[in-house]
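Subject: Structure handover

Hello,

I am passing a structure on to you. Please open it and keep it in view while you read the notes under it.

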Amino acid sequence: GLYRQILAATIAYTRALGFDTITSEHAPSNNAVIIAKLGAGFTIHALEIDPMAGLSLVLRYYHHAADRAAYEFRCGLATVSPALRDAGFGGFAVLRDQLR
C-alpha cells in the first residue's frame, strides 16, 4: 500500500507542477511496480534494449485526457474524442466521414 500512496502523491504533484507526462523505466521482470503503475493509469510506451543494461520497459502517464486518447488511437484503439477528431489532418478526413 505504501508504494501506491507514493505513486498517487507523485501523480498529483507532477500534475500541480504542470507536467504533461511522467515517464518511468523498469526491468521487465519488476512485476510489482509495473502492475501498480498500470493500475494507476500508466501505459506501456516502449521496450528498449541496451547492450550494457539489457531490457527496459518504458511506462508513461498522461496527465491530459486528449494526449492519452491520441496515444490510444495510435496504438489501434478506435476511440476518437471530439477534440482529436477536430485536430485530424492528412487522410483523417476520410476516417472522419466514416465515423459519422
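Below is what was found, taken region by region.

One point before the details: this is a predicted model.

**The core**

Start inside. The largest nonpolar core has eight residues. They are Leu7, Ile11, Ile22, Ile34, Phe42, Leu57, Leu59 and Tyr61. Two elements, H1 and strand E3 (54-62), each give two or more residues to this core. E3 provides the largest share, three residues. As a general pattern, nonpolar side chains in soluble globular proteins tend to be buried together.

Leucine 57 is a good residue to click on. Setting aside neighbours within four places in sequence, leucine 57 is in contact with Ser24, Glu25, His26 and Pro28. Its contacts also include Ile34, Ile44, Ala46 and Leu47.

**Serine 24**

One of those contacts deserves its own look. Serine 24 sits in strand E1. Is serine 24 buried or exposed? Its relative accessibility is 8%, so serine 24 counts as buried. Two polar contacts involve its side chain. One goes to the side chain of histidine 26, at 2.4 Å. The other goes to the side chain of lysine 37, at 2.5 Å. Beyond four places in sequence, serine 24 touches Lys37, Phe42, Leu57, Val58 and Leu59. Leucine 38 is 14 residues from serine 24 along the chain, and their C-alpha atoms are 11 Å apart.

**Histidine 63**

Next, go to the loop between E3 and H3, where histidine 63 is placed. Histidine 63 has 10% relative accessibility, so this residue counts as buried. Which side chain does histidine 63 join in a polar contact of 2.9 Å? The partner is the side chain of threonine 14. Leaving out residues within four places in sequence, histidine 63 contacts Ile11, Thr14, Arg15, Phe19, Asp20, Thr21 and Ile22. Ile11 and Ile22 are also members of the core described above.

Alanine 12, in helix H1, gives a useful distance here. Alanine 12 and histidine 63 are 51 residues apart in sequence. Their C-alpha atoms are 9.4 Å apart in space. Alanine 12 is partly exposed, with a relative accessible area of 43%.

**Helix H3 and the salt bridge**

How many salt bridges does the structure hold? It holds one. Arginine 68 and glutamate 72 form a salt bridge, with their closest N and O atoms 2.9 Å apart. Both residues lie in helix H3 (residues 65-74). They are four residues apart, about one turn of the helix. Arginine 68 is partly exposed, at 26% relative accessible area. Glutamate 72 is among the buried residues of H3, with Ala69, Ala70 and Tyr71. The buried residues of this helix pack against strand E2 (43-50), E3 and helix H4 (82-86). After H3 comes glycine 76, which has a positive phi, near 105 degrees.

**Glycine 41**

Arginine 68 turns up again here. Glycine 41 lies in the loop between helix H2 (31-39) and E2. Which residues does glycine 41 touch, not counting those up to four places away in sequence? They are Arg60, Tyr61 and Arg68. Glycine 41 and tyrosine 61 are 20 residues apart along the chain. Their C-alpha atoms are separated by 6.3 Å. Why does glycine 41 count as buried? Buried means under 20% relative accessible area, and glycine 41 has 19% relative accessibility, so it counts as buried.

**The surface**

Finish outside. Tyr13, Leu17 and Phe19 make a nonpolar surface patch of about 340 Å². Leucine 17 is in the loop between helix H1 (2-16) and strand E1 (21-26). Phe19 has appeared already, as one of the contacts of histidine 63.

**In brief**

Three things to look up on screen:

- The eight-residue core, with its largest share from E3.
- The salt bridge between arginine 68 and glutamate 72.
- The polar contact between histidine 63 and threonine 14.

Over to you.

Best wishes

Conventions:
Residues numbered from 1 in each chain as written. Predicted model: local features only at pLDDT ≥ 70, side-chain atom pairs only at ≥ 80, totals over all residues. Heavy atoms only, no water. Patch = residues over 30% accessible without salt bridge, like charges linked within 9 Å, V, L, I, M, F, W, Y side chains within 5 Å. Areas by Shrake-Rupley, 256 points an atom, 1.4 Å probe, with all protein chains shown as cover. Salt bridge = Lys/Arg side-chain N within 4 Å of Asp/Glu carboxyl O. Core = buried A, V, L, I, M, F, W, Y, C linked by side-chain atoms within 4.5 Å. Buried < 20%, exposed > 50% of the residue type's maximum accessible area, 1.4 Å probe, protein only. Contact = heavy atoms within 4.5 Å. Polar contact = N/O pair within 3.5 Å; in protein donor to acceptor, adjacent residues only side chain to side chain.
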